[in-house]
There are 2 protein chains.
Amino acid sequence: MLQLTRGDGRPLGDQIVENFSSMISLGNLAEGTRLPSIRQLAQRLGVSVHTVVTAYDRLISKGLIESRAGRGCYVCRRQLCGDFPQIEVVIPNAATALGFAQSSLDTDHPLFPASSGFLPSDWFADALSPAAGARLVKPEAEAMQPAPVQGTAILRDLLADDLRRKGIPAQAGNLLVTYGATHAIDLIIRAGLAFGDSVLVEDPGYFVLRSQLERAGIRLVAIPRKVDGPDIEAVEEMARLHRPRAFFMQTLLQNPTGGNVSPANCHKLLSLAERHNFLIVEDDVYGDLAGPHLLRLAQIDELQRVLYVSSFTKVLNPGMRVGYIAAPAALVPQLVEQKMLSVLSGSTLQEMLVADTLESGRYRKHVEQIRLRLARVRAQANRILPEFGIRLAENPQEGIFLWGRIPQGVDTDQLVSDAQHNGILLAKGAMFSPTGGSRDFIRLNAAYCTDRIFTDYLKTRFPLEAGAR
Amino acid sequence: MLQLTRGDGRPLGDQIVENFSSMISLGNLAEGTRLPSIRQLAQRLGVSVHTVVTAYDRLISKGLIESRAGRGCYVCRRQLCGDFPQIEVVIPNAATALGFAQSSLDTDHPLFPASSGFLPSDWFADALSPAAGARLVKPEAEAMQPAPVQGTAILRDLLADDLRRKGIPAQAGNLLVTYGATHAIDLIIRAGLAFGDSVLVEDPGYFVLRSQLERAGIRLVAIPRKVDGPDIEAVEEMARLHRPRAFFMQTLLQNPTGGNVSPANCHKLLSLAERHNFLIVEDDVYGDLAGPHLLRLAQIDELQRVLYVSSFTKVLNPGMRVGYIAAPAALVPQLVEQKMLSVLSGSTLQEMLVADTLESGRYRKHVEQIRLRLARVRAQANRILPEFGIRLAENPQEGIFLWGRIPQGVDTDQLVSDAQHNGILLAKGAMFSPTGGSRDFIRLNAAYCTDRIFTDYLKTRFPLEAGAR
């Protein structure tokens, strides 16, 4: 009754599972029917006993058949649950901050990620070692043990080494490992801010951060982000007026503008932080994509007043979520406590895999490759996008993002919604602005925005501008 | 100058790295010194070129040497950061709820885990497939892509299948994947409860849950946990008096008592939840260790009023943190939003590895093995512990925990602190009680509490009781 197709590449075990599954769900194999014995079936189909054992195991785990001790396998009784109306999948609205973020993560219903914050998965070849992957899930491997709340010691040591190479005097004791930078920010908010507190944020700046602060009842004070960093006069004035508890900002390759804070402005910011007694949360998730020898705030502050946040999600790959906070030692216990209240602890498996990548030197080589690839696609984008009337900010040379001004007369809200209907994910400028500014900007991902899928869409959307050149 | 030892099992590459590291840090190799070329060193030491390349890569990643294009490797300049006073490691106090949890996770400063909530790492042999570990970190693997916020589709489908086999009518749309059960509870608190709300909790019950609720400003109302479940009369009275928003509880193998809720009490609880309009958060992290055919609340409620929480941390291994919520469909969007605000998304790598374990049938077999092993060590503990005057609750037959009454006259606070000084982690009963009850109980882990390390300690601590038998 069961036929296998050979030579079309489908594993024989998969075919056995699929055949039985469809026979059972179509009712062609009644409840309680005894399946052929493993040896019988293997012989009849000309496959190994191991293939049949594995296939039967999978059918058991799907709940379709059950094994009765010593008597073989039988088709299960129908599941006891009644039928319930199918729950509909809600497609998030990419024009809202959280809707956009959800869409950009939704690999089950993918839009073309023209504005995504993640690099393509094929850029991450060779970042991780398959041998390490196998070693870490072996019996009695260290990865089978819980992770200490603060993070696995070997990883914290490696992170501290890496930060010291960047000139940031971190020790393992300054470090708290998190599930990415968003988690780091959440823990900082929970540990350090109370309902009604004020904080400074950049305009434009990262939108999920803003949602996190707003939902915690924090008052946001917008600081314009200029080509060489936050507007220092605005910081001074707003610090005086609003007595903020902290400034959440990005020093290098800022999201979305791609700019860096100049060394002079780094110094001024820290002086203001000291004078007006606020902390600085320095989010450096893109920092490794910037050239070496660029100044970070944590470097001149030496972890006194700066909480430095970073992550491997952007550079190593988005399917692993490992980030960290390097904080003044006195603040670490509160952050550790908040981590326990939020997730109890980290994933040893993920932490050991990142440690392996750092320790073996794979990470360093991988970052160099990513930077070369980004330089190539950025050069392309700088050539192609202006043909569609999209003018790019001149300053940024590096990183994932392009911050483009769209042609006059185009309504960004309409553009984003039209793009979503055409299967393309776009991030409108206003999403990045706490004041509703940056209305004629979009943020683009350099790795995707020169792809034909996107340029063909632009051709249909901006026909005049494209034709005019 | 560099000598390798052969035959003592230390990999030659490790020896090269260690030799150079110590020469550099002791100043025997000055800054700027050129290292031997790769080929030279390989020849001189009689090792492969690959071994030297890998060792040099590791020294580069440690920041000890640097590669100058075409000219070889050189000892780096000293790190630029000044020396800072060493940050001291604070050993958490195991007598507090969060201190105990932190200690039980602290594999860097391990205490003998007599009371831990985790099983030994060697119990997890064969739970995960090394082949899957290797496959998932390969170039262009699906695990290199971000995880959808709600969780990878393949995992949610498998979880829904598993729940339906347990009689809980879940669909993939009911499910939200989290970083373990603690994270699930945190998201539920954030999505559903406000400062000042009241909830019901069990007495005794899980202590990290209590810390999570208290820090969120939630008022706790204690419900005594009896042998067959929560005290129904107390639930009725407290529901009337305090109008709780939810009841957080465990139906099967309750932590710490090990007991199950009887079917009749399941029914009564749901009726009360309906009459007094509160939700039930059913934490089932130990459920797979209980016998089949036991009743869960979600089964008779059919995900109308019950949020079902579970996790793979206890059974698959504590180094992976994957848990989930099965919630009424109407509540899922709020939980998804809170997950984004808390961690942005999950780890594709972890989720695919759990999916592989479920799909291949490994999980089911692994659970059976764990249950057999637990039965064996429980039988031992039931025989041995009474010899030291520790009386065990009679009802529970399964699961990780033993709930033991210690001999009269022994002060539990002193016992826990004395044990910690002797390198043994004990969980005192009062830690589990929101009312400060259960003072003469301790919770023990069946896998550890018959180990000589612990029984030898008990002998010195309870000499009279031990001698009296």
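These exercises walk through a predicted two-chain model, each with a worked solution.

Residues are numbered from 1 along each chain as its sequence is written, and chains are lettered from A and ligands numbered from 1 in the order in which they are written. Because the model is predicted, local features need pLDDT of at least 70 and side-chain atom pairs count only at pLDDT 80 or more, while totals for chains, interfaces and linings use all residues.

**Exercise 1. Chain A as a whole**

Task: describe the extent, secondary structure and domains of chain A.

Solution.
- Step 1: begin with the C-alpha trace of chain A, which spans about 80 × 60 × 45 Å along its principal axes.
- Step 2: count the elements. Chain A holds 17 helices and 14 strands; helices (H or I, at least four residues) and strands (E, at least two) are DSSP runs, numbered from the N terminus.
- Step 3: split the chain. Its domains are domain 1 (12-75), domain 2 (97-124 + 364-467) and domain 3 (130-360), with bounds that come from an automatic or database domain assignment. The C-alpha centres of domain 1 and domain 2 of chain A are 49 Å apart.
- Step 4: look at burial. Of the 469 residues in chain A, 52% are buried. Here a residue is buried if 20 or more other C-beta atoms lie within 10 Å of its own, exposed if 12 or fewer, and partly exposed in between, with C-beta atoms placed from the backbone.

**Exercise 2. Relating the two copies**

Task: find which operation superposes chain B on chain A, and describe the contact between them.

Solution.
- Step 1: superpose by least squares on the C-alpha atoms of residues with pLDDT of at least 70 in both copies. A rotation of 180° with 0.0 Å of shift along its axis does the job, at an RMSD of 0.2 Å. The two copies are therefore related as by a two-fold rotation axis.
- Step 2: compare the surfaces. The same surface serves both copies, as 100% of the contact residues of chain B recur in chain A. Contact means that two C-beta atoms, placed from the backbone, lie within 7 Å.
- Step 3: count the residues. Chain B gives 89 residues to the contact and chain A gives 89 residues. Among the elements of chain B with two or more residues on this side are helix 3 (49-61), helix 8 (207-215) and helix 12 (332-343).
- Step 4: sort the side of chain B that touches chain A. It has 41 nonpolar, 30 polar and 18 charged residues.  In this sorting, Ala, Val, Leu, Ile, Met, Phe, Trp, Tyr, Cys and Pro count as nonpolar, Asp, Glu, Lys and Arg as charged, and the others, Gly among them, as polar.

**Exercise 3. Helix 8 of chain B**

Task: work out what the buried residues of helix 8 of chain B pack against.

Solution.
- Step 1: list them: B:Phe207, B:Leu209, B:Arg210, B:Gln212 and B:Leu213 are the buried residues of this helix.
- Step 2: find their partners. They pack against helix 12 (332-343) of chain A, together with helix 4, helix 7, strand 4 (198-203), strand 5 (219-226) and strand 7 (246-249) of chain B.
- Step 3: check both ends. In the loop between strand 4 and helix 8 of chain B sits B:Pro204, joined to B:Asp203 by a cis peptide bond with omega about 0°. Just after the helix, B:Gly217 takes a positive phi of about 75°.

**Exercise 4. An open sheet in chain B**

Task: trace the strand order of the sheet and say which strands stand at its edges.

Solution.
- Step 1: four strands of chain B form an open antiparallel sheet in the order 11-12-14-13. Two strands pair if DSSP finds at least two bridges between them.
- Step 2: strand 11 (391-392) and strand 13 (427-428) of chain B each have a single partner strand, so one side of each is left without a neighbour in the sheet.
- Step 3: strand 11 and strand 12 (residues 401-405) of chain B pair over 2 bridges, and B:Arg391 stands opposite B:Arg405.

**Exercise 5. An unusual phi**

Task: place A:Leu303 in its surroundings and say whether A:Leu303 is buried or exposed.

Solution.
- Step 1: A:Leu303 lies in the loop between helix 11 (297-301) and strand 9 (306-311) of chain A.
- Step 2: although not a glycine, A:Leu303 has a positive phi of about 55°.
- Step 3: A:Leu303 is buried, because 21 other C-beta atoms lie within 10 Å.
- Step 4: one of the contacts of A:Ala326 is A:Leu303.

Notes:
Lists of a residue's contacts leave out its neighbours within four places in sequence.
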